[in-house]
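Me: I would like to go through this structure by asking what each descriptive term rests on. Please set every value against its cut-off before drawing a conclusion.

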Amino acid sequence: MRLYNGLTKHQQQLEPLSETVRIYSCGPTVYDQAHIGNLAAYIFADSLRRAISAEGHQVLHVMNYTDVDDKIIARSAKNYPQLEPDQALTELTSKYIAQFNDDMVAIGNQLEAYKFIKATDSIEEMKQLIIELHKAGFAYLADDGVYFSIAKYRQSGKVYGQLSTITDSSTSEARIQNDEYDKATPHDFALWKKQKPGEPAWPLSIDGQDLSGRPGWHIECSAMSQKQLGIPFDIHTGGIDLIFPHHENEIAQSTALHKGPIMAGIFAHNNHVLVDGRKMAKSANNFYTLADIAAKGFEPLALRLMILQTHYRREAHFSWQNLEAAQNRLNNWRATADLVWQANPQMTDIPAISWQEAALQPVMSDNLDTPRAIFLIDQLFGQWNGGISTQDAQQLRQYLISVDSYLGLNLSTTTKLSQESQKLLDERHTARVAEDWATADKLRNQLLKADVEVRDTPQGQIWNHRR
RNA sequence: GGCGCCGUGGCCGAGUGGUUAGGCAGAGCUCUGCAAAAGCUCGUACACCGGUUCGAAUCCGGUCGGUGCCUCCA
């Protein structure tokens with residue numbers, strides 16, 4: 001498996017650090033419905049893990065739920081004013097965690113393949129890390145919380161900003177203006193924020209000071225990844241917008257106390273989903289959710305295919321036309337999948353594109369080249385319009401399993417025709433042989449009502465399930 | 001302002017020096033009793049200007065346009 005590493009800006013061979021490939025994916029902040037752009041990041045992470053697994057590696061894939069942060073606190077206070085802050089928080093986050101899990105399943109991600117972890121279940125580890133960072137001189141106390149010192153980090157010989165290649169001069173001006181916190185320097189970031197009135201809080205005391213409050217965003221991922229995967233682990237994923245400051249800060253926190261390699265060997269970031277040329281975002285109010293897609297009659301899996309048709313390092317374009325194209329392609333692929341049940345002994349066709357050429361493994365291990373994989377599938381599937389031979393049908397069954405293992409489109413779940421439908425199909429065959437067109441057409445309509453489409457070829461009828 | 005990325009036919013999207021990628025959408029034709037996600041054909045794409053080269057969508061320079069991060073963000 002070759003992967004582009006944001007750390008080195010080059011592709012490299014994935015060489016597992018241990019028997020199990022350890023992946024950490026920055027998960028959702030559970031204060032609202034995920035939109036398509038958010039989901040794209042998880043489709044990417046899921047595809048990556050699928051590909052690594054398919055290569056025969058054991059994988060431990062951890063994803064966090066960020067279930068405490070400023071936005072969550074604000075939203076929970078607003079939605080549940082009658083509850084205590086911590087109860088309101090739990091109420092809100094549990095609702096959206098459930099929603100997120102539903103979305104994950106809907107878009108074809110393998111929920112059972114992840115180890116999920118909530119930030120609020122790792123507060124102790126976060127506190128411990130903060131205390132150690134403070135003890136080692138990388139953190140300092142301020143009026144409103146605990147901060148990480150970039151200067152101290154650099155003094156210790158470590159590099160800050162290697163992912164984003166960001167410099168002091170490039171950020172300082174913009175950041176000072178937005179600086180609401182009591183930082184020593186603009187780059188420094190909060191490890192811990194002291195409680196304000198009406199906010200949930202966890203106890204923390206350093207140097208005898210009561211710092212009760214909540215963890216900063218970045219420390220959550222550092223503590224959770226370290227707890228679940230150790231240091232260093234193999235791959236860290238997230239959207240490109242997480243490169244700075246989130247991942248830079250994670251690296252600093254996780255690396256400050258360690259000698260040797262930094263927190264993860266490979267950082268893999270997916271690009272944005274665009275709408276009308278602009279990044280889909282809550283703040284821009286140009287986002288769509290799975291519910292919006294469903295309302296227009298499209299399936300979440302069509303969205304998955306639409307996302308996968310663009311390489312993860314490139315910007316993907318969301319449009320209804322694009323989604324429709326993906327939905328049609330998905331439907332056509334399913335129709336081909338149904339051929340698995342319709343092997344025709346008369347057919348001797350051998351695919352013009354060989355099974356070997358259509359193998360997904362080589363292209364998927366080439367930096368997760370999903371567009372190429374889709375092209376190969378198109379090539380292969382386009383060959384059985386007149387029917388499929390017994391041997392090809394058998395191989396197709398195997399191929400579908402492979403497609404599903406990589407792309408998660410559930411093509412191999414194709415089901416046999418029901419007995420009733422099969423009976424109608426047989427009757428229609430008889431009617432056609434007898435040139436009783438009226439009956440044949442009637443039967444075709446009956447089948448359609450059972451969501452079975454039929455077409456006639458010189459070799460006989462071919463059916464497919466309608467979605 | 002700093003650091004990046006991108007610009008291919010209606011919509012996507014491959015293609016890193018030399019034959020039509022492909023999909024979806026559209027038009028026409030054909031096969032078929034009709035129909036069909038069937039077959040065939042078509043629109044002759046590569047932002048612009050230079051340069052390198054026998055030859056560039058593909059390399060180099062510039063121009064224009066778009067956009068991302070720098071603030072919560074997938």
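Me: Which helix and which strand each supply at least two residues of the lining of the second largest pocket?

Reply: In this predicted model, helix H15 (419-433) and strand E18 (460-465) each supply at least two residues of that lining. The second largest pocket holds about 380 Å³ of space, and 21 residues line it, those closest to its centre being Gln342, Gln422, Leu425, Gln461 and Trp463. By class, the lining comprises nine nonpolar, 10 polar and two charged residues.

Me: What makes H1 oblique to H14?

Reply: Helix H1 (residues 36-54) and helix H14 (residues 390-407) pack at an angle of about 130°, with their axes 7 Å apart. Angles over 145 degrees count as roughly antiparallel and those from 65 to 115 as roughly perpendicular; the angle of about 130° falls in neither range, and therefore H1 is oblique to H14. The contact is formed by Ser47, Arg50, Ala51 and Ala54 of H1 together with Asp404, Ser405 and Tyr406 of H14, a set that divides into three nonpolar, two polar and two charged residues.

Me: Why does Leu360 count as buried or exposed?

Reply: Buried means under 20% relative accessible area, and Leu360 has a relative accessibility of 1%, so Leu360 counts as buried. Leu360 lies in helix H12 (residues 360-364) and, leaving aside residues up to four places away in sequence, touches Ala373, Ile377, Tyr399, Ser402, Val403 and Tyr406.

Me: Why is Lys9 called partly exposed, and what is its phi?

Reply: Partly exposed covers the range between under 20%, which is buried, and over 50%, which is exposed; at 34% relative accessibility, Lys9 therefore counts as partly exposed. Lys9 is found in the loop between strand E1 (2-5) and strand E2 (10-13), and its phi is near 65°, a positive value in a residue other than glycine.

Me: What phi does Leu368 have, and why does Leu368 count as buried or exposed?

Reply: Leu368 has a positive phi of about 55° although it is not a glycine. Its place is in the loop between H12 and helix H13 (370-381), and its relative accessibility of 2% lies under the 20% cut-off, so Leu368 counts as buried.

Me: What is omega for the cis peptide bond that joins Ile231 and Pro232, and where is Pro232 found?

Reply: Omega is about -5° for the cis bond joining Ile231 and Pro232, and Pro232 is found in the loop between helix H7 (217-229) and strand E12 (233-239). The peptide bond from Phe244 to Pro245 is also cis, with omega near 0°, and Pro245 lies in helix H8 (residues 243-256).

Terms used. Residues numbered from 1 in each chain as written. Chains lettered and ligands numbered in written order. Predicted model: local features only at pLDDT ≥ 70, side-chain atom pairs only at ≥ 80, totals over all residues. Heavy atoms only, no water. 1 Å grid on protein atoms, 1.4 Å probe; cavity = no way out; pocket = protein on both sides within 12 Å on 5 of 7 lines; lining within 4 Å. Points joined across faces, edges and corners; volume = space filled by probe spheres on them. Helix = DSSP H or I, 4+ residues; strand = E, 2+ residues; numbered from the N terminus. Nonpolar A, V, L, I, M, F, W, Y, C, P; charged D, E, K, R; others polar. Axes fitted to C-alpha atoms, helices over the stretch in contact; angles between N-to-C directions. Parallel < 35°, antiparallel > 145°, perpendicular 65-115°, else oblique. Contact = heavy atoms within 4.5 Å. Buried < 20%, exposed > 50% of the residue type's maximum accessible area, 1.4 Å probe, protein only.
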